[in-house]
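Let's take a friendly look at how some side chains in this protein sit and pair up. Have the 3D view open while you read.

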Amino acid sequence: MSDTTHHIGFLRGNPFTSAHAAFAEHIKTEADKQGAGHTVVLTRSHDAKKNPLSPEQKLKHAQRAAPDVNFTVASGLTNGSAGSIAVATTSGYLAWSAEL
């Protein structure tokens, strides 16, 4: 596995759909081709009208839909892609990002 490259994808995934699962699998597939690690970050967005699933529920559905993908829920400090890329970069990774 590459020590310097880590593929990161970001999903609102609320609700989690087959398109989200395909996107997450694509992130993993591309990372595997390069011998790199991967993480798909689920946002913390949650409200009764537009985002009915809690972050924990989104994670549960995502893991069921794409069990081979490394999912995580964004921390309160890194809810968006820019924050997560900053964390990856300061951790020594060359970050690549895509959002759906």
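Which side chain does Lys-28 meet in a salt bridge? Its partner is Asp-32, with N and O 2.5 Å apart. Keep in mind that this is a predicted model. Lys-28 and Asp-32 both belong to helix H1 and sit 4 residues apart, about one turn of the helix. Lys-28 counts as buried because its relative accessibility is 17%, under the 20% cut-off. Asp-32, at 44%, counts as partly exposed.

The structure has 2 salt bridges, and here they are together:

| Salt bridge | N to O distance | Spacing in helix H1 |
|---|---|---|
| Lys-28 and Asp-32 | 2.5 Å | 4 residues |
| Lys-33 and Glu-30 | 3.0 Å | 3 residues |

In the Lys-33 and Glu-30 bridge, Lys-33 is exposed, with a relative accessible area of 62%, while Glu-30 is partly exposed at 22%.

Now for the rings. Searching the whole structure turns up 1 aromatic pair. Phe-16 and Phe-71 meet edge-to-face, with 6.0 Å between centres and 80° between the planes. This pair ties together distant parts of the chain: Phe-16 is in the loop between strand E1 and helix H1, Phe-71 is in strand E3, and they are 55 residues apart. Phe-16 counts as buried at 15% relative accessibility, and so does Phe-71 at 11%.

Last stop, helix H2 (residues 55–65). Its buried residues are Pro-55, Lys-58 and Ala-62. They share one side of H2 because they span an arc of only 55° around the axis. Glu-56 and Arg-64 are exposed on the other side. Strands E2 and E3 are among the elements that cover the buried residues of H2.

Conventions. Residues numbered from 1 in each chain as written. Predicted model: local features only at pLDDT ≥ 70, side-chain atom pairs only at ≥ 80, totals over all residues. Heavy atoms only, no water. Buried < 20%, exposed > 50% of the residue type's maximum accessible area, 1.4 Å probe, protein only. Helix = DSSP H or I, 4+ residues; strand = E, 2+ residues; numbered from the N terminus. Arc of directions from axis to C-beta. Contact = heavy atoms within 4.5 Å. Phe/Tyr/Trp six-rings, centres within 6.5 Å; stacked < 30°, edge-to-face > 60°.
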